[in-house]
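User: I would like to go through the reasoning behind some labels given to charged residues and to the contact between chains. Please set each value against its cut-off before concluding.

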Amino acid sequence: MPWAHRVMVEERQWLTPEDFTETVGLCQFLPGPNIGNASIVLGKRWFGLKGAVVAFLGLMALPFVWVMALGSVYMQFSDSALLRAVVTGVGAAGAGLFIATAIKLGKPLARRPAGLATAMGCLLAVGVGRISLLYVLPVVAAVSLFLSYRKQL
Amino acid sequence: VTLLQLALYFGILSVISVGGLPSVMGEVQRIVVEERAWVSASEFVQLYAVGQASPGPNVLIVALIGGKVAGLAGALVSLFAMCGPAAAISWWVSDLWDRFKLSPTRALIQRAMTPMVVGLTGAGGMVLATPDRLPDWRMWGIAALSAAGMLLAKKLNPLWLLAGGGLLGAVLL
């Protein structure tokens, strides 16, 4: 996403910064990969269906080849304990990035105890309880909407 | 049959992945590792790491899982199942969203999103840091360091944090 900002807003000036923020805000709220959704929304806005399809495929095609190549290289050497340890370490660092993202996004909740409690409940149910999202999501969505309606968020 | 199952599972996840892939990472792990046993817990973390380290959208981890389960066809089916339904929703909602730009309902929904996305993203991190449900201080330590790094050094490219995680992994794990 930071790269998308640099290229589309700063270098090519396809979008104003406000437009970018607005689009990203929408795509964060929509289900699905954020940047994938952004490619659909922007492709559609500029060139209709063709634009959306082209933007999406353009976004995915090369990285898909990359990731599959990297994956198969990794499979070749995954017998090596050292490589497994390195890759697991990378995974743990990636987990840290998730946690940092959650903290960043959660800053506005610091002054909203009810919202914070909802977020924590959601985290515990899914992260520790490992309860299926199919049960957790409707409950959390209902609670959040209620809180939002009552101006608690 | 496996291809159909992949399409079905990822198709459902696509629709419920509010806030993006991090939100459903925990659920993906639950289905792929615990329910179907398509990949082992440690393989899951490793596939995630490969996906994270390679350039491109993080949704490609789904292609890696699909590829591991059912080859190239599995990879393509999983990726499109994960993106397709969400893309259709984006297509349809983006107009509505513009039309209701000033509507209070839109603001209400937007505010309601924060706790959900925060909780789910945090849960994704927890699941990745405890792949087989046993807390391991080394995994947690690396995760905590990289989280701190991202929060404190805002200009730092996250790839450095991943590289540091790999280095620590080599030493500790």
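Analyst: Let us begin with Lys68(B), whose relative accessible area is 34%; the model is a predicted one. Partly exposed is the class between under 20% and over 50%, and Lys68(B), at 34%, therefore counts as partly exposed.

User: What makes Lys68(B) and Glu43(B) a salt bridge?

Analyst: The closest N and O atoms of Lys68(B) and Glu43(B) are 3.1 Å apart, and the rule asks for a Lys or Arg side-chain nitrogen within 4 Å of a carboxyl oxygen of Asp or Glu, so the pair qualifies. Because Lys68(B) lies in helix H4 of chain B and Glu43(B) in helix H3 of chain B, the pair ties together parts that are 25 residues apart in sequence. Glu43(B), with a relative accessibility of 27%, also falls in the partly exposed class.

User: Why is Lys44(A) called buried or exposed, whichever applies?

Analyst: Lys44(A) has 15% relative accessibility, and since buried means under 20%, Lys44(A) is therefore called buried. Lys44(A) is found in helix H3 (residues 34-77) of chain A, and, leaving aside residues up to four places away in sequence, Lys44(A) touches Gly51(A), Ala52(A), Trp91(B), Ser94(B) and Asp95(B). With Asp95(B), the side chain of Lys44(A) meets in a salt bridge at 3.0 Å, N to O.

User: How do you know that the pair of Glu34(B) and Arg130(A) joins two chains?

Analyst: Glu34(B) lies in helix H2 of chain B, whereas Arg130(A) is in the loop between helix H5 (113-128) and helix H6 (133-149) of chain A, so the pair joins two chains. Their side chains meet at 3.3 Å, N to O, which is a salt bridge because the cut-off is 4 Å. Arg130(A), at a relative accessible area of 7%, is buried, while Glu34(B), at 33%, is partly exposed.

User: What makes up the interface of chain B and chain A more broadly?

Analyst: In chain B, 94 residues are in contact with 78 residues of chain A, and the area buried between the two chains is about 7500 Å², with carbon and sulfur atoms giving 79% of that area. Across this interface the rule finds two salt bridges and 14 residue pairs in polar contact, both residues being at pLDDT 80 or more.

Notes. Residues are numbered from 1 along each chain as its sequence is written. Chains are lettered from A and ligands numbered from 1 in the order in which they are written. This is a predicted model: local features need pLDDT of at least 70, side-chain atom pairs count only at pLDDT 80 or more; totals for chains, interfaces and linings use all residues. Side-chain values use heavy atoms; hydrogens and water are left out. Contact means heavy atoms within 4.5 Å. Buried area is the accessible area (1.4 Å probe) that two parts lose on being put together, summed over both. A polar contact is a pair of N or O atoms within 3.5 Å; within protein, one must be able to donate a hydrogen and the other to accept it, and residues adjacent in sequence count only if both atoms are side-chain atoms. Helices (H or I, at least four residues) and strands (E, at least two) are DSSP runs, numbered from the N terminus. Buried means under 20% relative accessible area, exposed over 50%, partly exposed in between (1.4 Å probe, protein chains only).
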